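This report describes the pockets of one protein model and the strands and helices around them. The account begins with the pocket linings and then turns to the sheet and one residue beside it.

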Amino acid sequence: MAYFFEMNNKFFILATFMLLGLFMSSLEKIAGAQPIGVCYGQIGDNLPPEQEVINLFRTNGIGKMRIYGPNPAILEALRGSNIELILDVTNDKLQALSDAATANDWVRQNVLNYPDVTYRYIAVGNEIKPNDGRAQYVVPAMQNIHNAIVSANLQDQIKVSTSIDMSLLGNSYPPSAGSFSDSASSYMASVVTFLANNGAPLLANVYPYFSYIGNSQSISLDYALLRSPGVVVQDGEYGYQNLFDAILDALYSALEKSGGSNVKVVVSESGWPSEGHAAATIDNAATYYQNLINHVNSGTPKRPGQAIQTYLFAMFDENKKGPEETERHFGLFHPDKQPKYQIRFN
């Protein structure tokens with residue numbers, strides 16, 4: 001009889017662990033299906049170890065991550081986590097990766113060596129300006145990385161793109177008049193052609209905060225923080241209640257004018273600092289992040305009902321960033337892993 005109860009007890013413990021594992025796996029899959037991710041930068045000297053950071057993502061139900069280069073410690077910690085990843089090609093590697101053999105090596109070393117990491121996008125360069133000497137290498141590097149991904153038969157799982165900022169827009173108001181600047185139009189035309197041909201999205205860093213502080217006499221804080229009670233900007237049939245949507249739809253208009261009507265946008269960064277400027281407060285930042293999380297499932301006026309994949313910037317305050325003081329205060333968490341805000345990520 002004692003043996004019977006002992007065996008039953010062992011079976012109960014085993015079944016409990018199995019159910020717990022299935023529950024955690026289901027939670028991670030649900031988190032991965034959510035449109036919200038978080039950028040994990042490491043420009044700080046007081047940040048927690050990589051495995052602890054991955055655990056923090058998982059316990060907070062954050063199913064998507066962007067990292068700014070292939071850090072082996074992060075990639076090791078991501079194994080089996082089901083966290084969907086944007087992996088950046090750093091800007092200093094663009095010229096080298098315009099060589100096909102080098103690109104093949106890069107993909108083998110940083111992607112194929114980690115088959116149990118859930119790669120989603122490769123961002124070939126971040127915020128490269130058209131007048132940057134490295135701009136000429138962006139599309140060739142994208143093509144070579146894509147070819148290597150195709151050779152591994154991963155093209156349906158991993159899309160290759162590049163991440164831009166909104167300075168490439170020459171016009172953004174009203175959103176329907178959005179267009180790339182004269183200096184950026186040729187550069188972006190080749191990027192858009194690549195994306196359209198390969199079914200890949202454009203990655204875009206979208207910051208209403210910077211638009212607001214640059215033009216606060218014309219832009220209300222409520223409009224920037226996604227808390228306007230009604231339409232602020234009427235643009236033909238489209239009414240805009242927040243600046244985030246207006247910026248994103250201006251980018252969609254620019255894509256349409258560049259032959260990219262079917263190219264989607266993934267917001268690869270968006271955030272609000274908590275210190276370093278009069279508008280950079282804990283309350284404003286908490287409001288922006290939570291309102292953005294609550295909003296992204298709704299889409300924009302030009303793309304209603306289409307959830308906007310959005311990566312919040314950033315996981316931690318990074319004390320070695322700069323030169324502006326605000327650059328050190330975009331974190332959702334303090335370096336000791338304590339949350340800066342009471343935010344629900346899903």
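In this predicted model, 35 residues line the largest pocket, and those lying nearest its centre are M166, Y207, F210, S211 and I247. Three elements, β6 (169-171), α8 (208-214) and α10 (243-257), each contribute at least two residues to that lining.

For the second largest pocket the lining consists of 20 residues, with P201, K264, V265, V266 and Q309 lying nearest the centre. Two or more of its lining residues come from each of β4 (118-126), α7 (182-198), α10 and β11 (265-270). The table sets out the volumes and the classes of lining residues.

| Property | Largest pocket | Second largest pocket |
|---|---|---|
| Volume | about 800 Å³ | about 320 Å³ |
| Nonpolar lining residues | 16 nonpolar residues | twelve nonpolar residues |
| Polar lining residues | 13 polar residues | four polar residues |
| Charged lining residues | six charged residues | four charged residues |

In what order do the eight strands close into a barrel? The order is β1-β2-β3-β4-β5-β8-β11-β12, with parallel pairing. On average, and with direction ignored, neighbouring strands of this sheet are turned by 25° against each other. Strand β1 (residues 36-40) runs parallel to strand β12 (residues 310-312), and three bridges join the two; on the β12 side, Y311 is the bridge partner of G37. Helix α10 packs on the sheet, where it touches β5 (159-165), β8 (202-205), β11 and β12, and its direction makes about 135° with that of β11. Another helix, α11 (residues 282-295), lies across β1, β11 and β12 and runs at about 160° to β12.

Within β6, which supplies at least two residues of the lining of the largest pocket, one residue can be followed in detail. L169 has its place in this strand. Is L169 buried or exposed? Because its relative accessibility is 13%, which is under the 20% cut-off, L169 counts as buried. Leaving aside residues up to four places away in sequence, L169 touches S179, F180, S181, A250, L251 and A254. L169 and S185 are 16 residues apart in sequence, while their C-alpha atoms are 8.9 Å apart in space.

Key: Residues numbered from 1 in each chain as written. Predicted model: local features only at pLDDT ≥ 70, side-chain atom pairs only at ≥ 80, totals over all residues. Heavy atoms only, no water. 1 Å grid on protein atoms, 1.4 Å probe; cavity = no way out; pocket = protein on both sides within 12 Å on 5 of 7 lines; lining within 4 Å. Points joined across faces, edges and corners; volume = space filled by probe spheres on them. Helix = DSSP H or I, 4+ residues; strand = E, 2+ residues; numbered from the N terminus. Nonpolar A, V, L, I, M, F, W, Y, C, P; charged D, E, K, R; others polar. Pairing = 2+ DSSP bridges. Axes fitted to C-alpha atoms, helices over the stretch in contact; angles between N-to-C directions. Contact = heavy atoms within 4.5 Å. Buried < 20%, exposed > 50% of the residue type's maximum accessible area, 1.4 Å probe, protein only.
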